[in-house]
Amino acid sequence: MRWRWMPVPEPIPDSVRKPTPATTPWPERLAGARREREGARRWRRRRVNDGAALDFAGNDYLGLALDPRVSEAAAVGARRFGAGAGASHLVSGHLAIHEALENTLAEWLGRERALLFSTGYMANLGVLQALADGGTALFQDRLNHASLIDGAALSGARSRRFHHRDNDDLERLLARSHAAHRLIISDGVFSMDGDVADVNALAHVARRHQAWLMIDDAHGIGVLGEHGGGCSEGMGSDEVPVLVGTLGKALGTGGAFVAGDAALIEHITQFARSYVYTTAQPPAVASASLAALNIVRDEPEHRARLNANIATFRREAQRLGLPLAKSTTPIQPLMLGDEARTLRWAASLERAGIAVGAIRPPTVPLGQARLRITLSALHTPDDIERLLDGLVACQREVAP
Ligand SMILES: *Cc1c(COP(=O)(O)O)cnc(C)c1O
């Protein structure tokens, strides 16, 4: 229902007032939705993460969320600038620490400017709503993150989904489009599969069809590329005009950015409602992000340890006959297919003190339930061995 401000109407006398049509009470509406989800065994439960379990579920790939230098930078930022920004960026909340973080991000990624958002979800809503309208056609990989799908819906643009990493399908859709503006959108690293977009090929297709390319590299920033610049490291605004990244994953803090040329960033600053109408992120977070960014840039050893862990896990999992996917990133799904089986394996690991993601529809397509295992630079060889032992126990449990 739409809310509008209207003049207060004259009161209607009781004698002419129509009865309200039959409605469903709100509690019944909620109970119905719950029954349906629970019936499908898809009601999710949160657990308090008390740090006791061995974590193979999170996205802190470089261990920076626990790096004392990053926490200390947060404390320094709070002491210097206060606990909160106090206002939105366009009013009086844009602080020197936000400006410094944006400038460092832009320089690092080889872009004219970067713009800070409070979360990646908000960045994608804001960028798409600012760029696209009814005259725009959006072309999205089928497996793009939910925030890109929601941003597309919010923009009012026509959205088409192409088969996962299938450029022929994308070209077919582009060739049929008569839209005034076209934007191709892809995750950099796909968050539930761990595979990586072929950004070079996408940039080619985009150029051939006078489209822009938007890459959301939430899981690639800090992890991929020689300098941690992500899956499109070394490519500039001419190839990837719209680059989104998040700070809550490999950077270990929170927030997100969009990087691009000055005209694009200025446009988003003016028109992205999720940028304009929200309080700037707390300066402590920006300060922590700046410290994390410096570590990502200056200390490649964390990436090296992470890559060694990925290689160890894959080698051993393969030897054990576990259903590995074709991923070389820290996201290593085990494709189990069946939802109940996925829950059983996750529960068995949980009893062994190991946390992994049990990912089921609607997060992934039907029949593609999986354990989402993520590796971190902080995992030791012993940690990985414990995980593999736990997985061997799962294999035995479900054997006929
Ligand atoms: C996690 C994620 C987001 C959302 O970022 P948040 O900062 O957690 O809101 C956006 N896009 C992708 C691909 C992601 O994996």
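Me: Which residues of this predicted model are closest to the ligand, and how many surround the ligand?

Reply: In this predicted model, 13 residues surround the ligand, and the closest are Gly 120, Tyr 121, Asp 216, His 219 and Lys 249. Helix α5 (residues 120–131) gives the largest share of that shell, three residues. By class, the shell holds eight polar, three charged and two nonpolar residues.

Me: What makes the approach of Asp 216 to the ligand a polar contact?

Reply: The cut-off is a pair of N or O atoms within 3.5 Å. A side-chain N or O atom of Asp 216 is 2.5 Å from a nitrogen atom of the ligand, so the pair qualifies as a polar contact. His 219 can be judged in the same way: an N or O atom in the side chain of His 219 is 2.7 Å from an oxygen atom of the ligand. For His 145, a polar side-chain atom lies 3.5 Å from a nitrogen atom of the ligand.

Me: How much of the ligand's accessible area does the protein cover?

Reply: On its own the ligand has 380 Å² of accessible area, and the protein covers 83% of that.

Me: Now to the aromatic rings. Why is the pair of Phe 117 and Tyr 275 called edge-to-face?

Reply: The structure holds one aromatic pair. Its ring centres, in Phe 117 and Tyr 275, are 5.4 Å apart and the planes meet at 65 degrees. Centres must lie within 6.5 Å to pair, and planes over 60 degrees apart count as edge-to-face, so this pair earns that name.

Me: What parts does this pair tie together, and are the two residues buried or exposed?

Reply: Phe 117 belongs to strand β2 (residues 113–117) and Tyr 275 to helix α10 (residues 273–276), so the pair ties together parts that are 158 residues apart in sequence. Both Phe 117 and Tyr 275 are buried.

Me: Why does Cys 231 count as buried?

Reply: Buried means under 20% relative accessible area. Cys 231 has 18% relative accessibility, so Cys 231 counts as buried. Cys 394 is buried too, with a relative accessible area of 0%.

Me: And how many disulfides are there?

Reply: The count comes to zero disulfides, with the sulfur atoms of a pair required to be within 2.5 Å.

Me: What makes Pro 27 exposed?

Reply: The threshold for exposed is over 50%, and Pro 27 has 62% relative accessibility, so Pro 27 counts as exposed. Pro 27 sits in helix α1 (residues 26–39).

Me: On to the backbone. What is notable about phi in Arg 165 and Gln 210?

Reply: Most residues other than glycine have a negative phi. Arg 165 has a positive value, near 55 degrees, and Gln 210 also has a positive one, near 50 degrees. Each is in a loop: Arg 165 between β4 (158–162) and α7 (167–175), Gln 210 between α8 (199–208) and β6 (212–216).

Me: Why is Arg 165 called partly exposed, and what about Gln 210?

Reply: Partly exposed is the range between 20% and 50%. Arg 165 is at 44% relative accessibility, so Arg 165 counts as partly exposed. Gln 210 has a relative accessible area of 70%, so Gln 210 is exposed.

Me: Where is there a cis peptide bond?

Reply: The peptide bond from Pro 361 to Pro 362 is cis, with omega near 10 degrees. Pro 362 lies in the loop between β11 (357–359) and β12 (369–374).

Definitions and conventions. Residues are numbered from 1 along each chain as its sequence is written. This is a predicted model: local features need pLDDT of at least 70, side-chain atom pairs count only at pLDDT 80 or more; totals for chains, interfaces and linings use all residues. Side-chain values use heavy atoms; hydrogens and water are left out. Rings of Phe, Tyr and Trp (its six-membered ring) pair if their centres lie within 6.5 Å; planes under 30 degrees apart count as stacked, over 60 as edge-to-face and the rest as tilted. Helices (H or I, at least four residues) and strands (E, at least two) are DSSP runs, numbered from the N terminus. Buried means under 20% relative accessible area, exposed over 50%, partly exposed in between (1.4 Å probe, protein chains only). A residue is near a molecule or strand if one of its heavy atoms lies within 4 Å of it. A polar contact is a pair of N or O atoms within 3.5 Å; within protein, one must be able to donate a hydrogen and the other to accept it, and residues adjacent in sequence count only if both atoms are side-chain atoms. Accessible areas come from the Shrake-Rupley method with a 1.4 Å probe; for residues, only the protein chains shown count as cover. Ala, Val, Leu, Ile, Met, Phe, Trp, Tyr, Cys and Pro count as nonpolar, Asp, Glu, Lys and Arg as charged, and the others, Gly among them, as polar.
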